[in-house]
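Good morning, colleagues. I would ask you to keep the sequence and the structure in view while I speak about strand pairing and then about helix packing.

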Amino acid sequence: MTVQAKKFLGQHFLKDLNIAEKIAQSLTTTTANTKVVEVGPGMGVLTQFLLKMPLDLSVIEIDRESVTWLKEHFPLLEGRIIEGDFLQLDLKAILGENGAIIGNFPYNISSQILFHCLENRESVKEVVGMFQKEVAERVASTHGNKTYGILSVLLQVFYTIEYLFTVSEQVFQPPPKVKSGVIRLIRKDDVQLGVTDQWFKTVVKTGFNQRRKTLRNALKPIMNGKNSTHPFMEKRAEQLSPDDFIELAKHIQNL
Ligand code: SAH
């Protein structure tokens, strides 16, 4: 018996044990007290390696059939399986302050998973995960690159991000249509935005909305008719680093 892959749940089961182990080993925070949540364990290919590491592991899986499989095959997971939707999970209650999230994620909700981590960044010290390659690249992309965008800025303000390695379609059952990429996010200490998350997001989103225009033009909708002589206004959104965006958001707020 195996779990039948369900497309609507983004199920692509990893078959290559070396890659599964490599993903598990990419976690840097590993002590017996480190609270870790694995998202979407499926049939436990990654879980089996995580269980061998000194971690305080829980897994959350939305698919009942997978949960049944896990209970049968992994007695060590007793009391550590949450059946439910990661996007609804109270991360603070589970992780405390310095937890980690890991997974070969369901690609249909990649951005939502990242935003859920970001909103709970006080609890999420580290994220290691596999995404579709294009998303992994976007998240890790630095300013000046074509793939640098909203997700890159919002995440990189709070996390240091590394693109670790690429994974071929062939090592999954069923194979996805695209290649995958594994990335690691490590929370930066003491980041002070100096503005609300909401305002910061608005500035970044509006700036990238018309990414070919200078920020002077792109940001018009949120300038309330005010004028700025800041040199960033002559640049385009993709030329600004995450820290530049913090400066810009504060500057506009104080005009
Ligand atoms: N980690 C496994 C499965 C990856 S496929 C492997 O590498 O083989 C993605 C998994 O995420 C599936 O098991 C799917 O059921 C689960 N999943 C999908 N949406 C989810 C959600 N919102 N919350 C938790 N798990 C979810």
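V128 has R184 in strand β9 as its bridge partner. Please bear in mind throughout that this is a predicted model. The pairing to which V128 and R184 belong joins strand β6, residues 124-132, to β9. Seven bridges connect these two strands, and they run antiparallel.

Strand β9 also pairs with strand β7, which spans residues 159-167. Here, too, the sense is antiparallel, and the pairing extends over eight bridges. One of the residues involved is Y159, whose bridge partner in β9 is R187.

How many of the eight residues of β9 are buried? Seven of them are, so this strand, residues 180-187, is largely enclosed by the rest of the structure.

I now turn to the helices. Two packed helices are described by the angle between their axes and the distance between the axes. For helix α5, residues 110-119, and helix α7, residues 150-158, the axes come within 11 Å and cross at roughly 30°. An angle under 35 degrees counts as roughly parallel, and α5 and α7 are therefore roughly parallel to each other. Their crossing is left-handed.

Which residues form this contact? From α5, the participants are S111, L114, F115 and L118; from α7, they are L151, L154, L155 and F158. By character, the contact of α5 with α7 comprises seven nonpolar residues and one polar residue, with no charged residue.

Technical notes: Residues numbered from 1 in each chain as written. Predicted model: local features only at pLDDT ≥ 70, side-chain atom pairs only at ≥ 80, totals over all residues. Heavy atoms only, no water. Axes fitted to C-alpha atoms, helices over the stretch in contact; angles between N-to-C directions. Helix = DSSP H or I, 4+ residues; strand = E, 2+ residues; numbered from the N terminus. Parallel < 35°, antiparallel > 145°, perpendicular 65-115°, else oblique. Left-handed = near helix turned anticlockwise from the far one by under 90°. Contact = heavy atoms within 4.5 Å. Nonpolar A, V, L, I, M, F, W, Y, C, P; charged D, E, K, R; others polar. Buried < 20%, exposed > 50% of the residue type's maximum accessible area, 1.4 Å probe, protein only. Pairing = 2+ DSSP bridges.
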